[in-house]
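Visitor: Could you take me on a close look at the salt bridges here, and at how covered their partners are?

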Amino acid sequence: MTAAVRPMQSGHRRVTWRSPALWLTIVVIGYGAWQIGKFGYPNFVNYPRAAALAVVLFGLYAIPYTLLVTGLDYLEPEPVSLIGTALAWGGLAATAVGVTGGQALQGILAKLISPAFSDQWSPAIVGPTIEEPAKFLGVIMIVLLAKGQLNSVVDGVVYGAFVGLGFQLVENFMYAMYAVAISGNGDTVSPVVATFLVRGFLSGLWSHTMFTALAGAGIGYALVAVRRPWWRRLGIAACAFVGAWGLHFVWNSPLLINGFGGGLGGIAAVLLIKGLPGLLLVLVLVGAAKRSESRYYADTLLKLEDPGLATPGEIDTLCHARRRHAARRYAKARGGLKAQLLVRRLQMAQAKLAVAISRAQGNPAGTVYDVAGRFRDPVAVVERREQEVRMLRGRMLGLGISDAAAPTEVRHRVHWNGLLFRVVLVVVGAVALAVVIRRLGGG
């Protein structure tokens with residue numbers, strides 16, 4: 001889906017208080033906040049300890065996900081204001097729609113087919129049918145608010161993931177408080193911990209964050225693949241949405257619940273079979289999109305043919321996370337912590353320079369606005385980025401470091417170290433998963 005797609009050269013469209021999209025977003029999120037507040041307030045009154053613990057646990061849970069998702073787009077990080085909007089839409093607007101619409105559709109299923117069928121299959125049918133469109137609209141609203149910010153497939157993945165993360169956090173809080181209420185033990189924290197382990201630790205990798213990230217990738221493709229026929233772009237976006245719906249359906253369905261038994265092996269098999277294929281699909285799409293975006297920005301810097309701004313080795317290093325970290329460690333070995341920080345700042349400045357050049361080329365009229373609606377002259381932005389890069393390079397030279405590239409032998413070593421790290425991470429994760437499932441009585 002992404003191999004031939006390059007980031008779209010576009011500037012920001014100014015967002016003003018006259019924008020219908022802005023007011024629509026405010027109204028919908030406000031409505032969601034009102035509805036979620038009606039649920040949350042009684043829980044904080046009746047179960048203050050449990051509610052506070054749920055907020056802390058799921059808040060901590062969000063930190064590594066936020067770092068992971070924001071790190072996907074190193075070359076062009078997204079504005080905090082739009083990330084916050086995506087989280088708010090998912091956590092408030094989409095969740096409110098999911099609660100009210102889900103109850104109505106569940107009742108319809110019970111009347112049309114049978115209450116037994118509704119009890120067994122409504123999570124698989126109602127969940128994705130109500131929740132996925134609500135989350136999908138969150139990414140659409142980001143496009144309407146700031147189209148120039150969503151100019152690659154990776155951007156679509158990032159915004160989709162944050163909409164899904166917001167939904168997942170609030171929904172998990174609601175499930176935790178429901179578990180406290182039905183336990184009948186008052187303001188106890190054990191149901192909150194159990195919910196956190198099951199819905200956060202065990203299900204977090206392949207839940208709403210992944211579903212909406214896939215749908216967001218389709219929106220990103222539809223926006224940036226301007227050389228493709230419109231029907232193909234819309235078709236890819238539709239397929240991505242259907243894929244998100246399908247993954248959600250499979251995850252919520254009762255399929256395989258008893259197919260492998262109730263022991264540790266059976267539970268682990270169900271988790272892997274239901275969740276892992278979708279996770280791998282999203283990772284493959286993200287990897288392909290990142291390679292396409294990196295090649296585009298690398299070509300942008302190579303065309304400068306100015307080693308004072310970026311050497312070929314630095315450009316190659318800039319496009320790979322492992323090599324960027326290797327270059328920083330190599331600089332630290334030669335010049336200490338100060339050199340490491342300088343190399344990091346230089347890499348960030350070079351990435352911003354590549355993005356600035358791309359936007360300047362795509363906006364010859366010079367009408368570029370940032371997300372706050374402030375006018376930015378693209379040529380002046382490029383000049384300022386160039387000055388920043390040259391200033392940082394001068395400081396590096398003062399420490400005796402000529403460039404920020406990772407040596408060839410370091411790159412190979414980082415590759416194997418990274419592979420070993422992933423293997424160890426998988427093993428540790430599997431052991432932790434086994435321990436948690438046993439604690440929960442799974443084997």
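Guide: Happily; what follows is a walk through three of these pairs and their surroundings. This is a predicted model, in which local features need pLDDT of at least 70 and side-chain atom pairs count only at pLDDT 80 or more, while totals for chains, interfaces and linings use all residues. Residues are numbered from 1 along each chain as its sequence is written, and side-chain values use heavy atoms, with hydrogens and water left out.

A salt bridge here is a side-chain nitrogen of Lys or Arg within 4 Å of a carboxyl oxygen of Asp or Glu, and the count by this rule is five. Let's begin with R393 and E314, whose side chains meet at 2.7 Å, N to O. R393 sits in helix α12 (residues 378–398) and E314 in helix α10 (residues 312–318), so this pair ties together parts 79 residues apart in sequence. Helices are DSSP runs of H or I with at least four residues, numbered from the N terminus. R393 is buried, at 7% relative accessible area, and E314 is buried too, at 2%; buried means under 20%, exposed over 50% and partly exposed in between, with a 1.4 Å probe and protein chains only.

D316 pairs with R323, their closest N and O atoms 2.6 Å apart. Here D316 is partly exposed at 27%, and R323 is partly exposed at 26%.

Finally, K135 bridges to E132, with 2.8 Å between the closest N and O atoms. Both lie in helix α4 (residues 115–145), three residues apart, or about one turn of the helix. An α-helix has 3.6 residues a turn, so residues three or four places apart point the same way. K135 and E132 are both buried.

Technical notes: Helices (H or I, at least four residues) and strands (E, at least two) are DSSP runs, numbered from the N terminus.
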